[in-house]
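Subject: Structure for you to look at

Hello,

Here is the structure I said I would pass on. Please open it first and then read the notes under it.

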Amino acid sequence: MANLKVDVDPAEAGFDADRLSRIDAHFDRYVENGRLPGWLAVVSRHGRIVHVGSGGYSDVEAGTPVETDTLWRIFSMTKPITSVAAMMLAEEGLLELDDPISRWLPEFASPRVYVKGSALSPLTEPAREPIRVWHLLTHTAGLTYGFHHGHPVDAIYRSAGFEWGTPPGLDLAACSERWASLPLAFQPGAEWNYSVATDVLGRLVEVVSGLPLDEFFASRIFTPLGMTDTGFVASSPSRLAALYVPSADGLVRNDAFGRLGTSRPDCLSGGGGLVSSAGDYWRFTEMLLRGGALDDVRLLSPRTVSLMASNHLPGHVDLEEYGRPLFAEMPFDGHGFGLGFSVLEDPVKARTLSSAGEFAWGGAASTAFWVDPDEDLTVGFYTQLLPSSTYRLRSQLRQLVYQALVD
């Protein structure tokens, strides 16, 4: 378990301690008025933790307070980890970004693309180019999620059992084959659409490495980085926070969906299946900030991390121009997308205090992180509230962090 405690005076790292306390006051109000069960935030600069704030409960009904070692379902914050795994294999010469994924996943040899019609009777055409590794990393493959409700292919995914999870009994290999049998929403490379692309990428990691995804993560990423609390199953079930959804009467516990992380899943989801602690994920983000290395462990080269944290959308357009609308909580203006992260291109257009070059992502239960190389800064936020679009927690946290940075 990564140690998580303040280890530098905020003033030494350029922060005003009184202003940092506004983070705690702000999110404590969310707890007091029943909008969040509990929360934890970590702010780090120059490799030193300057602020750890927390409040509320990891289990409201049991009265269990949030602790620094509380475990959280990080959902889509799994995606950057899977992306790092793929780029590690690329650095070993085992794959290239331009490679067609059908080289390893033959089920994707002849994808069909939706043209028109209903979900029950779609008209499709052959893909004009193969799905490539970089399409998966950038969410431009034409794949989708069943929980989207903006395209007939989204409904096709739901009908096939892919909405907020995968059909019981299907492992990652079987899910990949099932996704390959469904039509793409658009031609590969034509648009950005948040999707199961990173799950397919996880399957690619399995085939290329010869290891199940959980074993690759454990042996190549988690153990080297000392991330002892991160995996597809909670390392300590008693520390796993309960999951909640909002309602007109306040927070409602969702134990059915909250079973994620309590036992090994049929499908090892590289797109959203991991449980982690704030301390563990802090080590992961610090590795990224340090150009692929932390302490005496190097996972990636600085040039690889720089490539991942660059906007790969054609012509450096932002997601507002190239992407399909997702959630109000996710800012598209001024943001591009790299190899596994959103990338901030224009802070003015994005109306944020953060720096150009910031890369980030979040999870469905309202967790979030960002890395700001310009300010040598990492920030993590943890709670368990579905969906992440319920409140503008991420933009509020950015404002609160940067208003406290005064050097």
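The notes below cover the cores, the cysteines and one sheet.

This is a predicted model, in which local features need pLDDT of at least 70 and side-chain atom pairs count only at pLDDT 80 or more, while totals for chains, interfaces and linings use all residues. Residues are numbered from 1 along each chain as its sequence is written, and side-chain values use heavy atoms, with hydrogens and water left out.

Cores. A nonpolar core here is a set of buried Ala, Val, Leu, Ile, Met, Phe, Trp, Tyr and Cys residues joined through side-chain atoms within 4.5 Å. Buried means under 20% relative accessible area, with a 1.4 Å probe and protein chains only. The largest such core has 91 residues, and Leu-143, Phe-217 and Ile-221 have the most contacts inside it. A second, separate core has 25 residues, including Trp-39 and Leu-385.

Cysteines. A search of the whole structure finds zero disulfides (a disulfide is a pair of cysteine sulfur atoms within 2.5 Å). The sulfur of Cys-175 has its closest cysteine sulfur in Cys-267, 3.9 Å away, so the two are too far apart for a bond. Cys-175 is buried at 0% relative accessibility, and Cys-267 is buried at 6%.

Sheet. Eight strands (DSSP runs of E, at least two residues, numbered from the N terminus) form an open antiparallel sheet in the order E3-E2-E1-E16-E15-E14-E13-E12. Its edge strands are E3 (64-65) and E12 (335-337), each pairing on one side only; two strands pair if DSSP finds at least two bridges between them. Three bridges join E12 to E13 (342-344), and Gly-336 has Val-343 in E13 as its bridge partner.

Regards

Methods:
Buried means under 20% relative accessible area, exposed over 50%, partly exposed in between (1.4 Å probe, protein chains only). Helices (H or I, at least four residues) and strands (E, at least two) are DSSP runs, numbered from the N terminus.
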